[in-house]
Amino acid sequence: MVLQVASLVPVDLIGRQGELASLNERVKRRPVVVQGAGGVGKTALAKAWAGTEGAIWCDARGVGSRGALLEVMCRAAGVSVPRGEAVDALVEALQERKPAAMVVDNVDEVASDAFRLVKALHDATGVQVVMTSRVAPREASEVVTVRPWP
């Protein structure tokens with residue numbers, strides 16, 4: 001499923017201000033993985049960070065391969081997916097559109113591929129990118145962990 005954040009209801013976070021502050025600071029440098037168990041609020045934190053305007057929202061739930069993830073991300077950015085040139089087309093679209101942010105939500109099944117892809121997009125375009133996953137890939141150097149409430 002692909003959604004633009006602008007169509008989502010803004011999220012008020014209760015008790016997650018520390019995680020949001022950490023996310024805001026870390027994402028300025030490089031892509032950030034928001035990790036935690038299912039249902040702890042990773043998506044809510046990502047929504048609160050992204051705001052309601054200008055961000056690209058991509059739900060990767062159920063995506064099982066790098067190619068399928070790339071296709072979903074291209075659709076989220078409004079890019080038709082040319083065969084063999086999807087990464088270049090996505091980079092070009094992000095450079096033209098200059099979105100405020102991009103969130104790739106629910107990358108559990110393709111976390112390592114997703115991280116490499118969002119890092120390449122960040123490096124090429126400077127767009128701030130957050131991805132959510134139950135487990136952070138080893139390659140991720142910026143991770144915000146959302147823990148269950150005590």
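Just after helix H3 comes Gly78, a residue with a positive phi, near 75°. That is a handy place to start looking at this model, which is a predicted one. Helix H3 itself spans residues 66–76, and its buried residues are Leu69, Leu70, Val72, Met73, Cys74 and Ala76.

Stepping back to the whole chain, the protein has five helices and six strands. Read from the N terminus, these elements come in the order β-α-β-α-β-α-α-β-α-β-β. Of the 150 residues in the protein, 46% are buried. Links across the sequence show up clearly in the contacts: among those between residues at least 6 apart in sequence, 79% join residues at least 24 apart. As for the outside, the protein exposes about 7500 Å², and carbon and sulfur atoms supply 49% of that area.

Now for the inside. In soluble globular proteins, nonpolar side chains tend to be buried together. Here, the largest nonpolar core has 34 residues. Two residues of H3, Leu69 and Met73, are among those with the most contacts inside this core, and the others are Leu90, Met102, Val104, Val107 and Met131. Several elements chip in with at least two core residues each: strands S3 (55–59), S4 (101–105) and S5 (129–133), along with helices H3 (66–76), H4 (86–97) and H5 (111–125). A second core, separate from this one, has 18 residues, including Leu13, Trp57, Ala101 and Val103.

Val107 gives a closer look at how the chain comes together. With its neighbours within four places in sequence set aside, Val107 touches Ala60 and Ala114, and also Met131, Thr132 and Ser133. Met131, like Val107, is on the list of residues with the most contacts inside the largest core.

That leaves the cysteines. A search through the whole structure turns up zero disulfides. Cys58 is in no disulfide, and the nearest cysteine sulfur to its own belongs to Cys74, 9.4 Å away. Why does Cys74 not pair up with Cys58? The two sulfurs are 9.4 Å apart, and Cys58 holds the closest cysteine sulfur to that of Cys74, so the gap is too far for a bond. Are these two cysteines buried or exposed? Cys58 has 0% relative accessibility, so it counts as buried. Cys74, one of the buried residues of H3, counts as buried because its relative accessibility is likewise 0%.

Terms used
Residues are numbered from 1 along each chain as its sequence is written. This is a predicted model: local features need pLDDT of at least 70, side-chain atom pairs count only at pLDDT 80 or more; totals for chains, interfaces and linings use all residues. Side-chain values use heavy atoms; hydrogens and water are left out. A nonpolar core is a set of buried Ala, Val, Leu, Ile, Met, Phe, Trp, Tyr and Cys residues joined through side-chain atoms within 4.5 Å. Buried means under 20% relative accessible area, exposed over 50%, partly exposed in between (1.4 Å probe, protein chains only). Helices (H or I, at least four residues) and strands (E, at least two) are DSSP runs, numbered from the N terminus. Contact means heavy atoms within 4.5 Å. A disulfide is a pair of cysteine sulfur atoms within 2.5 Å. Accessible areas come from the Shrake-Rupley method with a 1.4 Å probe; for residues, only the protein chains shown count as cover.
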